[in-house]
Amino acid sequence: MRRLAPAAALLLATLSPAPGLADAAWDGLSTPAFDVAGRREGLPHPIVTALGQDGDGFIWAGTQGGLARYDGIGFRTYRADPGDPGSLPDSYVLALHTDRDGRLWVGTAGGGAAWLDRARDRFVRVPVGEGGLPSPVVQAFADDGAGGVWAGTRGGLAHLPREGAPRLVEGLPDKRVMSLLRDAAGTLWVGTPSGLARLDGGGAPVAAGPAGLP
């Protein structure tokens, strides 16, 4: 029989409950009761890339093969349809976000971004290219605090106001935006492959250097 190293044996002894102490509680934690959903249960693809909840309380699962809405009973699937401009712009979903009005935003791997018009059950797409998003690859969202959203793309950071055209933001350490966060003070934090940046009050982004953010 293989013997445990002293450190491993000490760790197991530390984690093991003392005899007679909360055995039932430990038993409950030892076997988590997860409900697992896959293709058989209605997901369009087994690889789930993003999760969200809209203003109506529905749970959304973005996958590599479509978007699924869970209503507590089953899934409804949304996929891209080249012949339908109100469909999902691309079936490979990278990011989901719910804004302060309860609208669901979807970022995709090749079709840009769109938000769901819940009244019509149709997606409203954000243009890509001149006057729109700088890249069709949208990987992150964050609220702007004024009814619009920030969209992080493979080609830069775009501000999508409640009304009006998208606006691009320059000065990031890398145009490939991987993650976004707007903190409680209203500061936007931007994660890129070349470092972290922050955007205060509509000014130019401040990048983190070797000594950190100023």
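Two strands count as paired when DSSP finds at least two bridges between them. Keep that in mind as you walk through this predicted model, since pairing is where the tour begins.

**Stop 1: a well-bridged pair**

Select residues 59–63 and 66–70. These are strands E2 and E3, and they pair in the antiparallel sense over 5 bridges. Now pick out Ala61 and look across to E3: the residue standing opposite is Ala68.

**Stop 2: the sheet around that pair**

Widen the selection to take in E1 and E4 as well. You now have an open sheet of 4 strands, in the order E1-E2-E3-E4, with antiparallel pairing. Strand E1 (48–53) and strand E4 (75–78) are at the edges; each has a single partner strand, so one side of each is left without a neighbour in the sheet. From one strand to the next, the twist averages 20°.

While you are here, show the side chains of Phe58 and Arg69. Arg69 lies over the face of Phe58, 4.3 Å from the ring centre.

**Stop 3: aromatic rings from E4 to E8**

Next, turn to the aromatic side chains. The chain has 4 aromatic pairs. To see one of them, select Tyr78 and Phe123: their rings meet edge-to-face, with 5.6 Å centre to centre and 90° between the planes. Tyr78 belongs to strand E4 and Phe123 to strand E8 (residues 122–125), so how far apart are they along the chain? The two are 45 residues apart, and their pair links distant parts of the chain. Are these two residues buried or exposed? Both Tyr78 and Phe123 are buried.

Add Trp60 to the selection, and you have one aromatic cluster made up of Trp60, Tyr78 and Phe123.

**Stop 4: a tilted pair, E6 to E9**

Move on to Trp105 and Phe141. This aromatic pair is tilted, at 6.1 Å centre to centre and 50° between the planes. Trp105 lies in strand E6 (residues 104–108) and Phe141 in strand E9, so the pair ties together parts that are 36 residues apart in sequence. Trp105 is buried, as is Phe141.

Before leaving E6, select Arg103 and Trp115. The charged end of Arg103 sits over the ring of Trp115, 4.5 Å from its centre.

**Stop 5: a second open sheet**

Phe141 has already brought you to strand E9, so follow that strand into its sheet. Here 4 strands form an open sheet in the order E9-E10-E11-E12, and the pairing is antiparallel. Strand E9 (138–143) and strand E12 (167–169) take the edge positions with a single partner strand each, so one side of each is left without a neighbour in the sheet. The twist in this sheet averages 25° from one strand to the next.

For a detail, select residues 149–153 and 156–160, which are strands E10 and E11. They pair in the antiparallel sense over 5 bridges. Which residue of E11 stands opposite Trp150? It is His159.

**Last stop: the whole chain**

Finally, zoom out and colour by secondary structure. The chain has 2 helices and 16 strands. Of its 214 residues, 36% are buried. Among contacts with a separation of 6 or more, 36% are between residues 24 or more positions apart. Switch to a surface view to finish: the chain exposes about 12,200 Å², and carbon and sulfur atoms supply 56% of that area.

Key:
Residues are numbered from 1 along each chain as its sequence is written. This is a predicted model: local features need pLDDT of at least 70, side-chain atom pairs count only at pLDDT 80 or more; totals for chains, interfaces and linings use all residues. Side-chain values use heavy atoms; hydrogens and water are left out. Axes are lines fitted to C-alpha atoms, for helices over the stretch in contact, and angles run from 0 to 180 degrees between N-to-C directions. Rings of Phe, Tyr and Trp (its six-membered ring) pair if their centres lie within 6.5 Å; planes under 30 degrees apart count as stacked, over 60 as edge-to-face and the rest as tilted. Buried means under 20% relative accessible area, exposed over 50%, partly exposed in between (1.4 Å probe, protein chains only). A charge sits over a ring if NZ of Lys or CZ of Arg is within 6 Å of the ring centre and within 35 degrees of the ring normal. Contact means heavy atoms within 4.5 Å. Accessible areas come from the Shrake-Rupley method with a 1.4 Å probe; for residues, only the protein chains shown count as cover.
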